[in-house]
Each structure stands twice: as structure tokens, then as C-alpha cells.
Amino acid sequence: MPLPPHGRPADEVLAELDALQGGDVDWKGGRVFSLAYFAGDEIYGVARAANDRLLSANALNTAAFPSLKQMEADVVATVAGWLGAPEGVAGSMTTGGTESLVLTVLAARERGRQMGITEPNMVLPLSAHAAFEKGAHYFDVRSVRVPVGDDFRADPDAMAAAMDENTVLVAASAPQYPQGAIDPVEEIAALAAARDVNCHVDACMGGVVLPYLRRLGEPIPPFDFSVDGVTSMSIDLHKYGYTAKGASVLLHRDRQRRRHQTFVTDNWTGGLYGSTGVLGTKSGGPIAAAWAVLQHVGDDGYLELARVARDAQVRLRRRLDAIEGVSVLGDTPATLVAFGVDGADPFAVADLLAADGWYVDRQGPPPSLHCTVHAGHAGTVEAFADAVEAAVASARASAASGEAGAYGTLD
Ligand SMILES: Cc1ncc(COP(=O)(O)O)c(C=O)c1O
């Protein structure tokens, strides 16, 4: 579309923008089990209003925007409080789980360099998020992937065997994305502590929800800074914090470790440049939205949202378990559910669901379908399970096959 020679009226442009979204998934209607989170119009409205107020404020330099410095500090303190962080914990906000994980790899490489490690590697369960690979690619750290157990949890013995004198980082997830399993953090952190290397817990999915599920009586194993040896954690607020996209927190056990994530230079004519993240200019909008949504929802609100999400996930799992040919993968202790399909191609099932207006992630190995269940699914999981049942029957009858698709975007 060419740039119009003369500007068009705002109403007309915005109407066209709305029309463009006609083909997008209905993420507020409880029919999308990936990518977006929704806890009602009120919370969404707070995120929008706060985002709007600081959209063009720049968190690159908080001397100019002390409001953003304050908001970031408040958000980091709240998240640290959820996760048993010790006195002296040091954190910052990033734009998402990927940036948090990429910086985790950078920080581990830099600490390794300080220890004289010049050919660093990181040891990860096969289930750890793809963003770790992005960090390894960007920062030239070798990724050593270790198979997970039959329960989809990391295997600490296999990780121990894969570690060597060049290992700068080991990781666990709470929970991991593909099957929603919670890794044995205590055992993995002990491996890291024994070699004095970094141990990151990727709680991008669980950092908000797991502390509340524990308070609700769910048997959540130790996964946070209360575990000795855990040196850093990532927590996404644009997932179960139900705030605007562009908000994650990366916490380090102490300031010394966070220093390895920070970049500083004066090697140009523009003066001293320093930043804790990948970006330079950074919109204040998502920081403000995160701050405002945390304040608006509050402790009791997050407790209730966690209860509602978990209840929806438990109901969905129960229904999926009852569908012939559907097998749920692993114990699903948090709010995610993945399932395989016997006697039919799961991706054909996903195609049929998509034709019916339901969106699930396609993944593998093993070929399976992924559902991230949040509070916005409270009223739709039964209808979704009905749709899965019908789609499985139809895919079996037709023996159709579907496309595996991609988690991200390929151009
Ligand atoms: C466990 C885990 N880590 C990291 C990420 C990456 O987060 P983002 O998509 O915000 O970059 C995700 C995304 O789903 C995730 O589930």
C-alpha cells in the first residue's frame, strides 16, 4: 500500500485498521489457546489507558522520565516478592520472555568470561523455550540439549552428564511451554551450585500463577529463589499478569550478577550510553500498563484469576481425558495442557478446529496440540472440548493430514 500523497482523515484510517483485523483470531472470546491473554474488559481497559498515557515516553533514559524508573522499580519489587527473592535481588523489565532469556544467556556468557571460559556452553532440557537458542545464536554460546523424561520433566542426571568445565548456564522451566511440566528445579540448581555456574529458572509462564496456585493448595514444588543455586528468573507479565504486550521481568539474585546483563560504552561521540536490555529507545507504555494492572488487580485479584485459570484447565483436562484417541501429555500441574491424537493427524485436528474458529498451537516432537488456558477460558472450555471431540472423529474418518505450522513467523 503506497503512502497517500495527502494524509487521510483519522476516522477513515482507523476504520480501515479495524477492518484489517477481520481475519485475526478472536483472542478475547476464549477461543484462542495461545499468544494472547484476557481477563475481562475492565483489566484490559486499565492496561490500555496506562499504555496510552506513556506510549511515547522513553525508558531509554529514566533521568528524563523518573516516573518510569519508579514504575519499573515497583513492578520488579512486586514480582520479586512473589518469588522468594532475597534481600539484594536486582531486576529489570524487558519487552518479553524472549528478551529476558536472550539476556540470561548473555549474562551467563559474560560471567563465564570473567571465570576464564572462552568456549562457553549451556545445558538445557529439550523442553526449554526456543528463545534460549536465539540467545545462544546471538552470543555464540553452544547449546547442549538433553532429552527429557517420559513425564516431560528435565532429567537432572542426564544434565549432570552433559555439563563440563565450559558450562556457563543450566536452565529449568516452571513450567515449560510445550507440555506444561514443572522441571525439578532443586536438583538442577544443585548441579549449577556445585560448579558455581548460573542456574536460570524460566518462569515466563508460571512466575505469576504458580505462587498463587500454591496458596490455593496445589502441590507446586519449589521452583523460585527459595531454592539455593537459582541465580536468575524470568517472569512474563504480558502472560498471566494480564497486562499489555511488551512486559517481562528478569531477576538476578544480586546486583553483581545483573551487571553482566548491562551494556555500557562511551566509544562514540554521543557520550556515555548504558542500557540493561536489548533495546535502546523503549516505550514507556508497557511499563506503565504493567504497573497499573498490577495495582488494579492486586493480590486478591491475582489469587482469583489463578483459581479461575486453573479450574478451567482442570475441567479441560478432564474432558480431554475422556475423549477416545486423545492422550494428554504429562501431569499438567499448572495451567497448560497439550495432547496427542491416536489414529488421526493432530495437525488435521487443528485445521478442523481452526475452521470452527478455535486456535491452538501445533508442536512437536511428539506431534501434538498445545493449549495455554487462562482466566478468559472459564466459559469456553466445555465447548472447546466438544469441538475437539468432533474434530478428532472427523479427522479419523477422513484420514486427513494437516500442516505442522510454525511457532513464530517465517518470511
Ligand atoms: C516458558 C516460556 N519461556 C519463554 C517464552 C517466550 O516469551 P515471549 O513470547 O514473550 O518472548 C514463552 C512464551 O510462551 C514461554 O512459554
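The following exchange goes through the ligand site, some backbone features and a few burial calls in a predicted model.

Trainee: What should be known about the numbering and the model before starting?
Mentor: Residues are numbered from 1 along each chain as its sequence is written, and side-chain values use heavy atoms, with hydrogens and water left out. The model is predicted: local features need pLDDT of at least 70 and side-chain atom pairs count only at pLDDT 80 or more, while totals for chains, interfaces and linings use all residues.

Trainee: What makes Lys239 a residue to look at in the UniProt record?
Mentor: UniProt, in an unreviewed entry, lists Lys239 for "modified residue: N6-(pyridoxal phosphate)lysine". UniProt positions are given in the numbering used here, feature names are shortened, and annotations may be inferred rather than shown by experiment.

Trainee: Why is Lys239 called buried?
Mentor: Buried means under 20% relative accessible area, exposed over 50%, and partly exposed in between, using a 1.4 Å probe and protein chains only. Lys239 has 17% relative accessibility, so it counts as buried. Lys239 sits in the loop between β6 (232-236) and β7 (248-252); helices (H or I, at least four residues) and strands (E, at least two) are DSSP runs, numbered from the N terminus. Leaving out residues up to four places away in sequence, Lys239 touches Tyr37, Cys204 and Met205, where contact means heavy atoms within 4.5 Å.

Trainee: Which residues are the closest to the ligand?
Mentor: The closest are Gly97, Thr98, Asp202, His238 and Lys239, out of 14 residues that surround the ligand. A residue is near a molecule if one of its heavy atoms lies within 4 Å of it. Helix α4 (residues 97-114) gives the largest share of this shell, 3 residues.

Trainee: How do you know that Asp202 makes a polar contact with the ligand?
Mentor: A polar contact is a pair of N or O atoms within 3.5 Å; within protein, one must be able to donate a hydrogen and the other to accept it, and residues adjacent in sequence count only if both atoms are side-chain atoms. A polar side-chain atom of Asp202 is 2.6 Å from a nitrogen atom of the ligand. An N or O atom in the side chain of His238 is 2.8 Å from an oxygen atom of the ligand, and for Lys239 the distance from such a side-chain atom to a ligand oxygen atom is 3.0 Å. Taken alone the ligand exposes 390 Å², and the protein buries 87% of that; these areas come from the Shrake-Rupley method.

Trainee: What makes the peptide bond between Gly364 and Pro365 stand out?
Mentor: This bond between Gly364 and Pro365 is cis, with omega about -5°. Another cis bond joins Pro365 and Pro366, with omega about -10°. Pro365 is in the loop between β12 (361-363) and β13 (368-372), and Pro366 is also placed in the loop between β12 and β13. Most peptide bonds are trans.

Trainee: Why is Leu35 called exposed?
Mentor: Leu35 is at 53% relative accessibility and therefore counts as exposed. Leu35 lies in the loop between α1 (10-20) and α2 (41-54) and has a positive phi of about 75° although it is not a glycine. Most residues other than glycine have a negative phi.

Trainee: Why does Ser127 count as buried or exposed?
Mentor: Ser127 counts as buried because its relative accessibility is 7%. Ser127 is in the loop between β2 (121-125) and α5 (131-139). Its contacts, not counting residues up to four places away in sequence, include Arg145, Phe152 and Asp183.

Technical notes:
Areas by Shrake-Rupley, 256 points an atom, 1.4 Å probe, with all protein chains shown as cover.
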